[in-house]
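Thanks for coming. I have one structure to show today, and I will go through a few local features in turn. Here it is.

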Amino acid sequence: MSSEVKNRIEEQQRVDAVIDEINIKEEKLSSQIAGLKENVVELRKNFWDDITVNIEESDDIIETQESIKQQAALLSEKERYHGKIGQELKTLNKLKSSPYFGRIDFIEDSELEKDEIYIGIASLMDKNEEDFLIYDWRAPISSLYYDSSLGKAQYQTINGQIEGEIALKRQFIIRQGQIKGMFDTGVTIGDHLLQQALGNNASTTMKNIVATIQKEQNKIIRNEKSSLLIVQGVAGSGKTSAALQRIAYLLYRYREELNAENVVLLSPNPLFSSYIANVLPELGESNVTQTTFLDFLKERIGKKFTIESPFEQMEYVLAEMKDNQDVARMKGMDYKSSLDFKQMIDQFISYLNEEAIQFRNITFRGDMLISKEQISDYFYSLDKEISISNKMELVSKWLLQELRQIQRLEKDKDWVLEEAGLLDKEDYVNAYYESEEQEDIIDEEELLRREVVKRAFSAMRKRLKRLDFVHISSTYKKLFTEWNPSVVPEGWQEICKQTAADLSRLYLTWEDATPYLYFKEKLLGNVRGRSVRQLIIDEAQDYSAFQFAYIREIFPYTKMTLLGDINQAIYSHISKENPLVPEAGIGKVERIMLTKSYRSTRQIVEFTKFFAPGGTLIEPFNRDGDKPLIIKLSKQEDIKERLITNIQEFKDKGYETIALICKTLKESEEIAQLLHGRVSIKQITEETYAFEKGILVLPVYLAKGIEFDAVIIPDASDEHFGQESDRTIFYTACTRAMHELTILSVKEPCRFIKEVQTDKYEVVE
Ligand SMILES: Nc1ncnc2c1ncn2[C@@H]1O[C@H](COP(=O)(O)OP(=O)(O)OP(=O)(O)O)[C@@H](O)[C@H]1O
């Protein structure tokens with residue numbers, strides 16, 4: 001018997017033994033959980049039986065409350081335990097099918113015997129709870145698997161560095177408890193498994209990469225020191241994958257202090273959120289809060305304003321560039337994305353400390369109670385050294401006090417008695433009991449009057465507490481209508497005119513939304529995201545310097561990871577001062593670059609790198625496919641039939657997700673219309689929250705972060721992608737393809753294709 005066969009038999013025997021252990025554990029836990037379940041049901045059913053309810057004396061009330069609390073605590077403890085066992089059972093179930101994916105034999109320098117370390121998605125102890133049958137991929141020793149080759153190696157623990165030697169490194173593919181593949185490897189993680197993982201068809205949800213994490217990705221995943229980690233990685237280099245593995249790692253590493261609720265992931269759109277939603281549960285972790293920056297802003301700004309989405313802004317920009325009309329808005333976009341504008345707002349706020357804040361009159365039943373002038377006088381009589389937001393709190397306290405006095409006077413008015421007549425019977429009874437309890441004798445009418453006034457003023461009290469007496473939008477508008485800043489950008493007057501008009505109709509453009517919120521929170525104070533301990537921002541290249549500075553201000557104590565690719569900055573007007581660019585002047589940061597692209601075949605990467613700015617740095621992973629195909633058509637009318645043929649060819653090759661990526665939503669609607677009745681096509685819009693396999697048509701900005709088996713660009717003619725600013729859009733579209741890329745062009749193909757060496761693609765005329 002060859003040693004290879006012998007090894008395989010032995011390894012399968014070990015797999016079988018581990019699965020036996022898992023079965024025993026599973027049985028034990030299942031009987032525990034069944035007992036617990038009964039226990040919880042029983043506890044819930046008899047919740048009140050074990051509590052003696054006595055509310056005669058105040059001491060009794062306290063005792064009753066105490067006993068309810070204890071009972072509730074017992075119940076929630078049991079429920080928590082039940083949940084924990086449920087989670088363990090789920091993990092065991094996953095391990096049963098594929099207990100591990102890697103093995104290293106490590107001989108520590110100070111020891112003679114080798115340790116056989118088997119690595120899987122979670123750890124498993126033997127029945128005596130003494131030895132690890134499986135090590136969690138996040139355990140310190142597991143880093144050897146990702147970082148080191150055979151020979152001398154070391155890993156970090158909290159107690160320092162452990163040195164030794166790796167004598168064996170083995171990879172497994174185990175499915176349904178059977179070893180399907182087994183490879184010994186000298187290098188870090190051999191190409192073999194990765195080739196397999198990358199050669200598959202695209203799926204509608206992202207997969208975890210735990211078995212094949214690459215060394216440079218592992219640096220991102222296990223980075224613990226940096227409070228700001230910035231990852232610039234080329235398209236398909238595994239940024240999103242690494243980000244999700246990193247979250248799983250942090251949740252494990254800091255499991256005592258970090259919960260899923262303390263981690264927030266900002267992603268580009270809801271479709272993307274659903275695309276990646278599976279990864280963490282697959283790794284046995286709960287999903288973290290995922291939101292888009294648009295939703296984040298909407299929640300803080302409130303419903304009063306309509307906020308333009310970044311995609312609407314994008315559509316607008318693309319349309320404008322074509323028609324070249326609205327220069328002012330384009331200039332405004334540039335300026336409002338910059339730190340200069342943030343500085344201008346700060347100066348405006350200093351000016352507001354002296355004068356000009358707009359307040360609202362406080363009226364009640366048509367009468368003026370406190371005028372805006374009175375509020376303004378009070379505000380400006382306060383010490384200038386106190387911050388504006390703190391002064392607002394003082395004004396609120398003062399107003400609430402005034403209101404109390406007004407309330408007292410109001411209660412004797414005639415309308416109060418009339419309204420009292422409308423109170424419910426229950427209110428009367430309550431008033432009666434209350435009057436009995438009062439030491440000073442108050443008659444029932446007095447009590448009813450008090451009740452009516454209290455109710456009538458309650459909404460106003462709430463508004464005053466929320467600082468609603470400040471007219472934020474009209475104060476902000478003054479920045480654009482009355483105030484004279486010392487330094488202004490080119491075209492300022494026109495920018496002012498447009499912004500003031502938008503504010504009047506309660507509309508915030510995407511470029512205005514963050515500055516407005518920044519301003520609002522400077523005046524009213526902001527709710528800092530203290531509970532957020534880790535913030536991960538994917539597609540970070542699409543955030544402007546202003547937006548990022550705002551995020552830094554509201555999360556002052558949060559550790560951040562930014563991942564992006566400056567070559568995919570499709571909102572080109574914000575690429576200056578972009579946080580991903582090293583010169584952007586952010587404080588202490590750690591930067592990691594990923595240059596290897598895993599998504600696309602070598603042929604696609606070699607094609608796209610020609611028009612990626614700084615593309616020489618991009619390295620393809622060694623996976624072969626066909627060269628990209630450029631189809632030159634002589635007239636627009638030919639697009640339809642050509643698309644139908646191409647789609648069919650891709651379907652015949654077995655591809656399941658075929659995406660027609662367009663420049664704009666408008667174009668994608670036209671293509672969907674064109675193919676209607678001939679091809680079953682799904683159109684993806686901003687409102688699409690999950691996608692299915694099939695033939696899809698979508699604008700490039702919605703394809704961000706996602707990948708497809710085959711991509712067709714329906715119109716890459718020079719007329720369509722004719723501006724330098726289209727470069728990143730075109731690059732992003734092409735790099736969504738995993739296996740095949742076909743580009744159609746009517747007449748001349750765009751300038752970017754012309755930059756590519758001609759042997760890197762095939763042409764069909
Ligand atoms: N170590 C790895 N093992 C297996 N697959 C990997 C690995 N790294 C990346 N991939 C695969 O490569 C593809 C691209 O990864 P991912 O989407 O994370 O890249 P990205 O850098 O975020 O891309 P983009 O910026 O273009 O959206 C995915 O299919 C992912 O599963």
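Valine 234 has contacts with Lys239, Asp565, Leu594, Thr595, Lys596, Ser597 and Ile618, once its neighbours within four places in sequence are left aside. Please keep in mind that this is a predicted model. Valine 234 lies in the loop between β8 and α6, the latter being residues 239-253. Is this residue buried or exposed? With a relative accessible area of 6%, valine 234 is buried, because the cut-off for buried is under 20%.

Next to it in sequence is glycine 233, which belongs to strand β8, residues 228-233. Its relative accessibility is 0%, so glycine 233 is buried as well. Not counting residues up to four places away in sequence, glycine 233 touches Lys239, Gly564, Asp565 and Leu594. Valine 234, for its part, has Lys239, Asp565 and Leu594 among its contacts.

Now the annotation. In UniProt, an unreviewed entry places the feature "binding site" at Gly233, Val234, Ala235, Gly236, Ser237, Gly238, Lys239 and Thr240. That comes from the record.

On to helix packing, with two pairs.

The first pair is helix α18, residues 472-481, and helix α20, residues 510-524. Their axes come within 11 Å and cross at roughly 115 degrees. Angles from 65 to 115 count as roughly perpendicular, and α18 and α20 are therefore described that way. The crossing of α18 with α20 is right-handed. On the α18 side, the contact involves Ile472, Ser473, Thr475 and Tyr476; on the α20 side, Asp512, Pro515, Tyr516, Phe519, Lys520, Leu523 and Leu524. By class, the contact of α18 with α20 has seven nonpolar, two polar and two charged residues.

The second pair is helix α9, residues 293-301, and helix α21, residues 545-554. Here the axes are 13 Å apart, and the packing angle is about 60 degrees. How are α9 and α21 oriented to each other? They are oblique, because an angle of about 60 degrees falls outside the ranges for roughly parallel, roughly antiparallel and roughly perpendicular. The handedness of the α9 and α21 crossing is left-handed. Which residues meet? From α9 there are Phe293, Phe296 and Arg300, and from α21 there are Gln547, Tyr550, Ile551 and Ile554. The contact of α9 with α21 divides into five nonpolar residues, one polar and one charged.

That is what I have for today.

Note on methods: Residues numbered from 1 in each chain as written. Predicted model: local features only at pLDDT ≥ 70, side-chain atom pairs only at ≥ 80, totals over all residues. Heavy atoms only, no water. Axes fitted to C-alpha atoms, helices over the stretch in contact; angles between N-to-C directions. Helix = DSSP H or I, 4+ residues; strand = E, 2+ residues; numbered from the N terminus. Parallel < 35°, antiparallel > 145°, perpendicular 65-115°, else oblique. Left-handed = near helix turned anticlockwise from the far one by under 90°. Contact = heavy atoms within 4.5 Å. Nonpolar A, V, L, I, M, F, W, Y, C, P; charged D, E, K, R; others polar. UniProt positions renumbered as here; feature names shortened; annotations may be inferred. Buried < 20%, exposed > 50% of the residue type's maximum accessible area, 1.4 Å probe, protein only.
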